[in-house]
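Let's take a walk through a model, starting with the overall layout and then working down to single side chains. Keep the viewer open as you read.

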Amino acid sequence: MRKFKDKTLHLLSALTTLFRQISFIKITLVLLLMISGFTIVGNVFAGSVSLMKPEKRIVVEHGDTLWSIALKNKPDDMKTAVYIEGIKKANGLKDSGIKSGDILSVPVY
């Protein structure tokens, strides 16, 4: 009976050590996942800021329209109507009404 008790205690001791090691491994894995998650999130936000391009500001002159401004400033491969929508969005315009002296931000692509 004494032998059985000693073997049982030895087995319990080994199991306790194993569970402690497993717990340590679990905690380590959770911490590594958290750190890598924060790193990825940080890189995503840092990347989105670096992708932003500066806007160009122009002063509307007599006779200018959003169409004429778009033709002067848009990329060659972009539709004029799409660029006009970008100008409207960048300046919070609800319609195409602009007047001489207005300062507009035009997107740079």
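What follows goes from the fold to the core, then to a lysine, an aromatic pair and the charged pairs.

First, a caveat: this is a predicted model, and local features are given where pLDDT is at least 70. The protein chain has 3 helices and 2 strands, and reading from the N terminus the order is α-β-α-α-β. Helix α1 covers residues 2-51, α2 covers 66-73, α3 runs over residues 80-91, and strand β2 takes up 103-106. Of the 109 residues in the protein chain, 17% are buried. As for contacts between residues at least 6 apart in sequence, 56% of them join residues at least 24 apart.

While you're in helix α1, have a look at T16. With a relative accessible area of 36%, T16 is partly exposed. A polar atom of the T16 side chain sits 2.7 Å from the backbone oxygen of L12.

Now for the inside. Which residues make up the largest nonpolar core? There are 12 of them: I58, V60, L66, I69, A70, M78, Y83, I84, I87, I98, L104 and V106. Helices α2 and α3 and strand β2 are the elements that give two or more residues to this core. In general, nonpolar side chains in soluble globular proteins tend to be buried together. To see one of these core residues at work, pick I84: setting aside residues up to four places away in sequence, I84 touches L66, W67 and A70.

T80, in helix α3, is worth a click too. Its relative accessibility is 11%, so T80 counts as buried. Beyond its neighbours within four places in sequence, T80 is in contact with W67, A70, L71 and K74. That W67 and A70 are on the list will ring a bell, as I84 touches both W67 and A70.

The last name on the T80 list, K74, deserves a stop of its own. K74 lies in the loop between α2 and α3. What does a buried lysine do about its charge here? K74 is buried yet has no salt bridge. The nearest side chain of opposite charge belongs to D76, 5.6 Å away, and a salt bridge needs the nitrogen within 4 Å of a carboxyl oxygen, so D76 doesn't qualify. The K74 side chain does reach the backbone oxygen of M78, at 2.8 Å. Leaving aside neighbours within four places in sequence, K74 is in contact with K79, T80 and Y83.

Y83 brings us to the aromatics. How many aromatic pairs are there? The count comes to 1. The partners are Y83 and Y109, with ring centres 6.2 Å apart and planes at 65° to each other, an edge-to-face arrangement. Y83 is in helix α3 and Y109 in the segment after β2, so the pair ties together parts that are 26 residues apart in sequence. Are the two partners buried or exposed? Y83 is buried, with a relative accessible area of 1%, while Y109 is exposed at 55%.

That leaves the charged pairs. Side chains of opposite charge can pair when their charged atoms come close. The structure holds 3 salt bridges. One of them joins K72 and D64, with the closest N and O atoms 3.8 Å apart. K72 is exposed, with a relative accessible area of 62%, whereas D64, at 18% relative accessibility, counts as buried.

Another salt bridge is formed by E85 and K88, where the closest N and O atoms are 3.7 Å apart. E85 and K88 both lie in helix α3, 3 residues apart, which is about one turn of the helix. E85 counts as partly exposed at 47% relative accessibility, and K88 is buried with a relative accessible area of 14%. So K88 is a buried lysine with a salt bridge, whereas K74 is a buried lysine without one.

The remaining bridge is between the side chains of D102 and K99, at 3.8 Å from N to O. D102 is partly exposed, with a relative accessible area of 22%, and K99 counts as exposed at 58% relative accessibility.

Notes: Residues are numbered from 1 along each chain as its sequence is written. This is a predicted model: local features need pLDDT of at least 70, side-chain atom pairs count only at pLDDT 80 or more; totals for chains, interfaces and linings use all residues. Side-chain values use heavy atoms; hydrogens and water are left out. Rings of Phe, Tyr and Trp (its six-membered ring) pair if their centres lie within 6.5 Å; planes under 30 degrees apart count as stacked, over 60 as edge-to-face and the rest as tilted. Helices (H or I, at least four residues) and strands (E, at least two) are DSSP runs, numbered from the N terminus. Buried means under 20% relative accessible area, exposed over 50%, partly exposed in between (1.4 Å probe, protein chains only). A nonpolar core is a set of buried Ala, Val, Leu, Ile, Met, Phe, Trp, Tyr and Cys residues joined through side-chain atoms within 4.5 Å. Contact means heavy atoms within 4.5 Å. Lys and Arg count as positive and Asp and Glu as negative; His and the chain ends are not counted. A polar contact is a pair of N or O atoms within 3.5 Å; within protein, one must be able to donate a hydrogen and the other to accept it, and residues adjacent in sequence count only if both atoms are side-chain atoms.
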